[in-house]
Amino acid sequence: MFYESRGVSAHSVLIFNTREEAISYPKGDIVLGFCGACGFVSNVTFDPSLHQYSQKYEETQGFSAKFRQFHEELAGDLINRYDLHKKRIIEIGCGKGEFLSLLCEMGNNRGVGFDPAYVVERNHSPARDRMKFVQDFYSEKHTKYHGDFVCCKMTLEHIHPTAEFMRTVRRSIGDRPDTVIFFQVPDLPRILRERAFWDIYYEHCSYFAPGSLARLFRRTGFDVLETWTAYQNQYLMIEARPGKAVEPSNEEDDEDVRALWTEIADFAAHSSAKIDAWKNDLAQMKQQGRRVVVWGGGSKGVTLLTTLGVTDEIAYAVDVNPHKHGTFMAGTGHEVVSPQFLKDYRPHVVIVMNPVYVEEISRDLRDMGLRPRLIPVQ
């Protein structure tokens, strides 16, 4: 065990309409363990019964122009690389259907998406007549759906147990060797190197490095084509095709796991100091009478506030997603406000929960005539 966070909200992006509901939502413990044989990292105290994935789960990042650009470029790259034109697409954990819609629009494809959080009324895609959405978790009962391309973005880290899930995916593909599989998960080495404690939250029961992710795929019957990172190394990607289950060599395992263990040991030794430094900085800002907000009303923001035990040191959370405005952050009950709210509030400091968006946020603030100090978490 190398990291603990006790009594954290079991969900961080559910919509809470009252402060009391947000503060009282069920809590769980995070205790991260590391497998010295394969490099897999997981929350060993994870309890899936605490979760409530539903239409109240507000995970989308699609209201950011920066993120939409990334999504469009990724969809275009995958379409070109695998000639995804007039093909059948399956997306596991499709959220509000944004990425599946892009694949179907840009490649004239047909698609099926699975997610209990999907909301029919929010899909305005011109390709919606070529898509079907199943408001359910992907499981054995849905393996009748077959695709030429199977994708799963930012979902595998939520699934426990992971190997059983991957074997289900492999069985659904069967004897179709040309099927392409694409998964995206948070990149664990980046979290460790940056000591990014705000990227460790209860929904994520599993964490992957390139080596451990590739081993999972090989052991569950996939031939790995490539792994890489994107979005300032925040996302780890893997592409594969169906194959036979194989056990990687011990030599490969040993080298990769040793490197990961070094990063884990460094994180364990220094993460508490980083947490203390943030607490001290916020206490100093409060003493100076600074008005401070966090920009990012999702999981990163929730984890920063709850890990630091923030109360009135920070007044509000800001988010571009209009579906979050007027709701409250899990655990601490901070209200989520729109960027326009800041025109009157005029903060001195804006803590940016994802450095990717610094330029976008800075531009939005300038357009409102605001020049606060921006502090990206890093």
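Let's start at the beginning of helix 2. There, a side-chain oxygen of S64 comes to within 3.2 Å of the backbone nitrogen of K66. Keep in mind that this is a predicted model.

Helix 2 covers residues 65-82. How far apart should the ends of its 18 residues be? At 1.5 Å a residue, the expected span is 26 Å. The end C-alpha atoms are 26 Å apart, so the two values agree. Just after the helix comes D83, with a positive phi of about 50°.

Now, which residues of helix 2 are buried? They are F67, F70, H71, L74, A75, G76, L78, I79 and Y82. And what do these buried residues pack against? Two kinds of element. One is a helix: helix 3, residues 98-107. The others are strands: strand 7 (149-153), strand 8 (180-186), strand 10 (222-230) and strand 11 (235-242).

Let's pick one of them, F67. This residue sits in helix 2. Its relative accessibility is 5%. The cut-off for buried is under 20%, so F67 counts as buried. What does F67 touch, beyond residues up to four places away in sequence? The list is Q61, G62, Y231, Y235 and Y357. For a sense of distance, take R122, which is 55 residues from F67 along the chain. The C-alpha atoms of F67 and R122 are separated by 18 Å.

Next, a loop residue. H51 lies between strand 3 (41-43) and helix 2. Is H51 buried or exposed? Its relative accessibility is 15%, so H51 counts as buried. The H51 side chain also reaches the backbone oxygen of A10, at 3.0 Å. What else is H51 in contact with? Setting aside neighbours within four places in sequence, the contacts are A10, H11, Y25, F46, Y202 and E203.

On to strand 15, residues 349-352. Both of its faces are covered. V349 and I351 are buried on one side. V350 and V352 are buried on the other.

Which strands pair with strand 15? Strand 12, residues 292-295, is one partner. The two run parallel and are joined by 4 bridges. Within that pairing, V292 has V349 as its bridge partner. Strand 16, residues 373-376, is another partner. Here too the strands run parallel, with 4 bridges. V352 of strand 15 stands opposite P376 in strand 16. How does the chain get from strand 15 to strand 16? It passes through helix 10, residues 358-367, and this β-α-β crossover is right-handed.

Finally, the whole protein. How many helices and strands are there? The protein has 10 helices and 16 strands. The radius of gyration is 21 Å, and the globule rule gives 21 Å for 378 residues. The two are close, so the protein is as compact as a globular protein of that length. Along the principal axes, the C-alpha atoms fill a box of roughly 65 × 50 × 35 Å.

What share of the 378 residues counts as buried? The figure is 57%. One more number, on contacts. Take those between residues at least 6 apart in sequence. Of these, 67% join residues at least 24 apart.

Note on methods. Residues numbered from 1 in each chain as written. Predicted model: local features only at pLDDT ≥ 70, side-chain atom pairs only at ≥ 80, totals over all residues. Heavy atoms only, no water. Buried < 20%, exposed > 50% of the residue type's maximum accessible area, 1.4 Å probe, protein only. Pairing = 2+ DSSP bridges. Right-handed = clockwise from strand over helix to strand, strands pointing away. Expected span 1.5 Å × (residues − 1). Contact = heavy atoms within 4.5 Å. Polar contact = N/O pair within 3.5 Å; in protein donor to acceptor, adjacent residues only side chain to side chain. Rg over C-alpha atoms; globule rule 2.2 N^0.38 Å.
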